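Good morning, and thank you for coming. I should like to take you through one structure, and I ask you to keep the display in view as I speak.

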Amino acid sequence: MISTDTNHQQETIAAQATGGGEAAIAVIRVSGPLVPGLVSAIYHSPPPPPRKFARGKYRNVRGEVLDDTLHCRFPAPRSYTGEDVLEISCHGNPLIARSILRDLSARGCRLAEPGEFTRRAFLNGRMDLSQAEAVIDIIRARGDRALQVARHQLQGGLGKRVKEFIHELLEILAGLEAYIDFPEEDLPVEDPEGPVKRIQRLDTAVARLIKTARYGALLREGARVLIIGAPNAGKSSLLNRLAGHDRVLVSNQPGTTRDAVEERIPVGDHCIRIMDTAGLRSHGDQLETMGMRKTLEYAEEADFFLLLLDATLPHPALPVSLPGLLTPDNTLVVHNKIDLLPNQTVQPWGSDFKQISLSALTGEGLDDLEAAMNDLIEATNPVAAEEFVVIGARHAEALETASVSLEESHSLLLNHEPTELAVSHLRTALHHFGEITGQVDNEAMLDRLFANFCIGK
Amino acid sequence: MKNVFDVIVCGAGHAGCEAALSAARLGANTLMLTGNLDTVAQMSCNPAIGGQAKGHMVREIDALGGEMAINTDVTAIQFKLLNASRGLAVQAPRAQSDKKAYQFRMKHTLELQPNLTLFQATVTGLIFENGKVVGCRTNLDLDFHGKTVVVTTGTFLRGLMHIGQNKNEGGRMGDSSAKTLSASFLDAGIELQRLKTGTPPRIQGRTIDFSVMEEQRGDPTPTLFAFHDTRQDSDLFHVEQSGEDRPGWEPGVRQISCWITHTGDQTAEIVHKNLCRSPLYGGAIEGTGPRYCPSIEDKFVRFADKPRHRLFLEPEGRSTNEYYINGLSTSLPFDVQVDLVHSIPGLEKARILRPAYAVEYDFAPPTQLFPSLESKKVENLFFAGQINGTSGYEEAAGQGLVAGVNAVLKGRGEDPMVLSRQECYIGVLIDDLVTKGTLEPYRMFTSRAEHRLLFNHGSAEMRLYHHARKHGLVCSERLQRMEAKKQTVEDWTARLNTGRTPNGTFGELVRRRESDIPFPSEFNYLSAEIRSEILYRVGYEGYLKREQAQVEKVKSMEGLRLSPGIDYGRVRGLKKECADKLAEIRPFTLGQASRISGVTPADIHILMVHVKAGLDKKASDRPEAAL
């Protein structure tokens with residue numbers, strides 16, 4: 001039978017089952033042999049009974065929480081595809097869905113091709129033979145739509161850039177392959193350093209392009225800025241000051257803010273989403289502790305941090321998990337209440353961090369803060385505006401996997417390992433670039449080889 | 001002579017020899033027709049077998065019961081392992097051949113082969129009945145009938161040789177061309193196109209000054225092509241020794257050197273001054289030549305900044321004083337060739353025995369074939385070798401073997417033997433040809449294989465063992481030895497990967513490239529070839545597993561057969577351009593379909609559903625099982 005053979009060695013596939021864009025929730029569907037192992041690996045808890053929803057924290061391969069989700073598993077064969085299926089309902093933010101998909105591919109899944117779930121369902125006998133034509137129509141429609149989206153993206157900067165990458169990669173490959181396939185030719189002396197440098201440069205360029213994908217998300221979604229600090233350091237006052245209205249209940253009773261509050265505020269050229277959270281401290285009532293846990297969860301998702309300190313008090317101790325997240329590239333240290341300081345000098349926090357002194361009460365220093373925040377966001381933008389490229393999740397994944405292969409080949413060449421091993425990784429990278437532009441025929445590499453080298457013993 | 005055969009092989013070049021031998025060895029009553037029995041297995045171009053990817057294919061041919069490897073081992077005059085300083089996957093054996101010895105032994109092997117009839121006659125046309133081939137006509141007005149016919153015409157189909165403005169009809173200097181056969185193909189609806197190739201001048205050895213050249217010796221320990229550990233000793237015979245009790249021929253003794261020189265100071269000027277007299281540049285040649293084997297004109301024009309080009313002087317055999325100038329292929333007029341040769345250091349006084357020439361010939365674009373090498377247009381007709389647009393003795397021999405086996409299987413009504421591109425270079429070769437076709441004479445390179453690391457030359461028997469067993473390509477004794485060897489390699493690979501030493505497993509020590517690893521003493525008793533294979537598998541475990549995983553991914557698609565009768569125009573959901581492509585190529589498996597340019601993943605899903613739903617079948621024609 002065909003079905004038994006096609007199920008053999010089946011890959012596990014994943015995709016967002018709900019439409020893209022903002023929605024209350026997004027559903028991610030995973031199907032294939034990896035599913036049974038995934039549930040406990042992700043949720044650090046035993047899998048729930050079949051077809052029953054369970055709530056849990058989605059943790060990525062590094063153990064970091066990505067979202068609070070509902071998940072439900074459908075063991076084979078009683079599932080949509082007839083294989084082991086896991087459905088994950090996460091919050092509707094596209095960034096969350098994308099980070100979950102990225103994590104699933106790190107765990108060995110691959111993004112499903114258009115219509116692939118339906119095709120598998122059909123091949124596994126989950127649909128009647130009479131539905132074959134309907135299945136074909138679904139695949140065709142999904143395929144066409146994916147093609148349209150891809151074409152649209154390729155017409156933009158992405159296609160041009162990836163073609164440049166492919167061009168450079170083919171040149172590198174041709175240079176290496178010439179020495180493998182034509183050992184007796186009168187070629188110039190092999191220069192092991194050349195390809196190492198070129199791969200390094202190529203990878204840097206790919207990494208820059210991947211960054212624009214993240215920056216693009218920042219532009220669309222707004223950078224997420226989390227205000228953190230000790231209770232009553234003035235977080236809510238600062239937020240109100242930035243937002244220009246009293247949104248948050250302010251009192252000098254510590255711990256007033258129990259839920260996270262989100263505010264969209266224009267800063268310079270950007271729109272940022274400021275999240276004010278419950279204060280961080282080691283003790284407190286139960287509700288407060290929950291709020292703090294929430295703060296730590298938000299910290300995982302934040303793009304930038306404002307560490308707010310009360311300039312009149314000694315620096316508080318931060319929860320242990322927090323300082324690791326703060327870097328000079330993503331954090332501004334804000335010393336509040338300078339109006340209460342006689343000489344206005346503050347004790348800097350950390351080395352290399354930008355320090356801002358202000359008074360949320362009087363508004364003094366607020367311009368400095370806005371300018372510094374604008375600079376911080378701009379600094380993450382790797383390219384000039386006209387070079388900006390829109391990249392979808394599938395393409396971003398392809399670029400990231402290509403980049404991993406480039407790095408592998410780079411380190412092999414650097415360590416003088418056999419060239420053919422490095423080439424094996426470079427070809428994988430070429431394959432991933434090909435997922436964006438269409439696969440590149442080996443003939444293209446040979447064209448370069450014979451154009452660049454005089455072969456002909 | 002009874003004029004009815006199971007298989008008729010037209011042509012006795014490298015493709016024809018393997019085709020005839022494999023068919024006869026499978027027990028088919030086989031006829032081999034050639035225009036000249038004295039040019040069986042002739043090396044029309046360079047006197048060498050093997051090299052990168054080619055050497056790999058020769059070993060694959062041996063694993064499949066072919067003759068090229070053993071014939072080379074016994075007759076070669078120099079052996080060299082290429083890329084010896086690189087990893088095992090890209091090392092390849094190469095041998096300088098004694099052209100005459102090679103031919104003599106091959107001819108004698110054909111003569112001794114049971115079930116095989118040799119006959120000298122030029123095939124002038126094919127006999128068709130109801131769209132099928134049933135035999136062929138010859139210049140002697142003798143007709144021969146066969147269930148299947150294998151055509152291996154090389155460069156002989158309307159062959160036209162150029163030396164400057166001088167033109168001669170023929171497939172090779174000294175031999176006539178097959179003129180009327182092309183018409184027979186055209187009548188049958190088979191499309192033909194032109195290709196071009198070239199060969200350098202041959203010179204007389206005693207007129208060469210070797211003292212100014214660099215000597216290139218063979219390896220002291222030859223790397224052989226045949227798997228002598230599973231073969232029988234009686235395979236090792238030289239023609240003059242056949243019939244003797246003990247053959248005693250030792251491959252690799254009495255090796256002969258090649259010599260390296262380069263073009264001289266005046267060579268470029270001579271070429272440039274006479275470019276207008278080259279038929280390549282004058283437009284007289286319409287066929288496309290190979291990029292990897294440019295003429296000396298091409299080298300100086302396209303790489304004008306390179307002041308000189310390296311040349312190899314290769315002896316053509318033990319019993320001749322003729323030398324081949326590797327790297328000096330040209331179609332310039334003879335008087336220019338003389339000047340060219342005399343401009344080369346060491347050849348100032350050299351005498352040319354045979355001029356260089358370019359040859360144009362017809363080939364049948366190979367997308368007209370199934371992966372079994374059977375024509376899509378004419379049933380029971382198989383093609384192998386240069387007629388399929390390839391170049392090289394090894395490429396031809398590999399196809400010949402596959403075509404011969406499949407001609408027999410077809411006659412018996414059995415499923416064809418299809419080598420996949422995931423298991424061997426011959427599979428890559430045939431898949432490329434029938435899926436993508438070719439615009440120049442196709443030569444194999446290791447870079448054409450997606451999974452080169454899995455294709456080290458020493459593993460050919462283990463990779464192809466299942467074909468040899470399934471189709472009975474080698475005798476049962478050899479099969480048993482092949483199986484035992486495979487088992488030994490697998491067992492020891494596992495044993496070294498898990499066996500512990502005080503400093504970690506053997507596997508870890510191998511991967512750390514430690515010297516003096518204290519292997520168990522039984523390991524050291526294994527043959528050098530087996531040990532090297534085991535150490536390769538252990539040392540490169542991570543890479544081999546990674547490539548194997550990629551192979552497994554596509555296996556399900558490679559296993560899904562597509563009926564040749566699918567009417568792609570009526571498959572719901574396929575775009576017209578895609579349906580047209582599929583209808584032209586008529587892929588054998590879904591995997592092959594996925595490699596056709598312009599076929600998208602969505603199209604593949606649609607095809608899968610289509611086949612599964614049985615929409616491609618009538619009740620009488622049930623879905624075929626996976627391969």
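I shall speak about the contact between the chains, then the cores, the sheets of chain B, and finally the salt bridges.

Please bear in mind throughout that this is a predicted model.

Let me begin with the interface. Chain B brings 66 residues into contact with 59 residues of chain A. The area buried between chain B and chain A comes to about 5,400 Å², and carbon and sulfur atoms give 55% of that area. Between chain B and chain A the count is ten salt bridges. One salt bridge that joins the two chains is formed by B:Arg513 and A:Glu417, with the closest N and O atoms 2.6 Å apart.

I turn now to the nonpolar cores. The largest nonpolar core holds 151 residues. Which of its residues touch the most other members? They are A:Leu399, A:Phe433, B:Phe185 and B:Leu381. The element that gives the most to this core is helix α6 of chain A, residues 157–181, with 13 residues. Another core, of 31 residues, lies apart from it; among its members are A:Phe122, A:Met127, A:Val135 and B:Tyr568.

A single buried residue deserves a moment. B:Ala23 belongs to helix α1 of chain B, residues 14–25. The cut-off for a buried residue is under 20% relative accessible area, and B:Ala23, at 0% relative accessibility, therefore counts as buried. What is B:Ala23 in contact with, leaving aside its neighbours within four places in sequence? The contacts are B:Val7, B:Ala28, B:Thr30, B:Gly404 and B:Val408. By way of orientation, the C-alpha atoms of B:Ala23 and B:Thr197 are separated by 30 Å, and these two residues lie 174 residues apart along the chain.

Next, the sheets of chain B. An open sheet of four strands has the order β11-β10-β19-β12, with antiparallel pairing. Why is one side of β11 and of β12 in chain B left without a neighbour in the sheet? Strands β11 (166–169) and β12 (193–199) of chain B stand at the edges, and each has a single partner strand, so one side of each has no neighbour there. From one strand to the next, the twist averages 25°. Within this sheet, β12(B) runs antiparallel to strand β19 of chain B, residues 357–363, and seven bridges join the two. B:Arg194 has B:Asp362 in β19(B) as its bridge partner, and I shall return to that aspartate shortly.

A further open sheet of chain B has six strands, in the order β14-β15-β16-β17-β13-β18, and its pairing is antiparallel. Its edge strands are β14 (214–216) and β18 (352–354) of chain B, each of which pairs on one side only. Here the twist averages 35° from one strand to the next. Three bridges pair β14(B) with strand β15 of chain B, residues 258–262, in the antiparallel sense, and B:Glu214 stands opposite B:Ile260 in β15(B). Helix α9 of chain B, residues 334–342, lies across β13 (202–204), β17 (322–326) and β18 of chain B. This helix α9 runs at about 135° to β18(B).

Finally, the salt bridges. Over all chains, a search of the whole structure finds 66 of them.

I return first to B:Asp362. Its side chain meets that of B:Arg158 in a salt bridge, at 2.7 Å from N to O. The pair links distant parts of the chain, 204 residues apart: B:Asp362 is in strand β19 of chain B, and B:Arg158 is in the loop between β9 (143–151) and β10 (160–163) of chain B. B:Asp362 counts as buried because its relative accessibility is 1%, whereas B:Arg158, at 41%, counts as partly exposed.

A second pair is B:Glu394 with B:Lys54, whose closest N and O atoms are 3.1 Å apart. B:Glu394 lies in helix α10 (residues 393–411) of chain B and B:Lys54 in helix α2 (residues 54–63) of chain B, so this salt bridge ties together parts that are 340 residues apart in sequence. B:Glu394 is buried, with a relative accessible area of 2%, and B:Lys54 is buried as well, at 11%.

In chain A, the side chains of A:Arg62 and A:Glu64 form a salt bridge of 3.2 Å, N to O. A:Arg62 counts as exposed at 62% relative accessibility, and A:Glu64 as partly exposed at 27%.

I close with a network of salt bridges, which links A:Asp441, B:Arg421, B:Asp431, B:Asp432, B:Lys436, B:Glu450, B:Glu558 and B:Arg595. Thank you for your attention.

Key:
Residues are numbered from 1 along each chain as its sequence is written. Chains are lettered from A and ligands numbered from 1 in the order in which they are written. This is a predicted model: local features need pLDDT of at least 70, side-chain atom pairs count only at pLDDT 80 or more; totals for chains, interfaces and linings use all residues. Side-chain values use heavy atoms; hydrogens and water are left out. Two strands pair if DSSP finds at least two bridges between them. Axes are lines fitted to C-alpha atoms, for helices over the stretch in contact, and angles run from 0 to 180 degrees between N-to-C directions. Buried means under 20% relative accessible area, exposed over 50%, partly exposed in between (1.4 Å probe, protein chains only). Contact means heavy atoms within 4.5 Å. A nonpolar core is a set of buried Ala, Val, Leu, Ile, Met, Phe, Trp, Tyr and Cys residues joined through side-chain atoms within 4.5 Å. A salt bridge is a side-chain nitrogen of Lys or Arg within 4 Å of a carboxyl oxygen of Asp or Glu. Buried area is the accessible area (1.4 Å probe) that two parts lose on being put together, summed over both.
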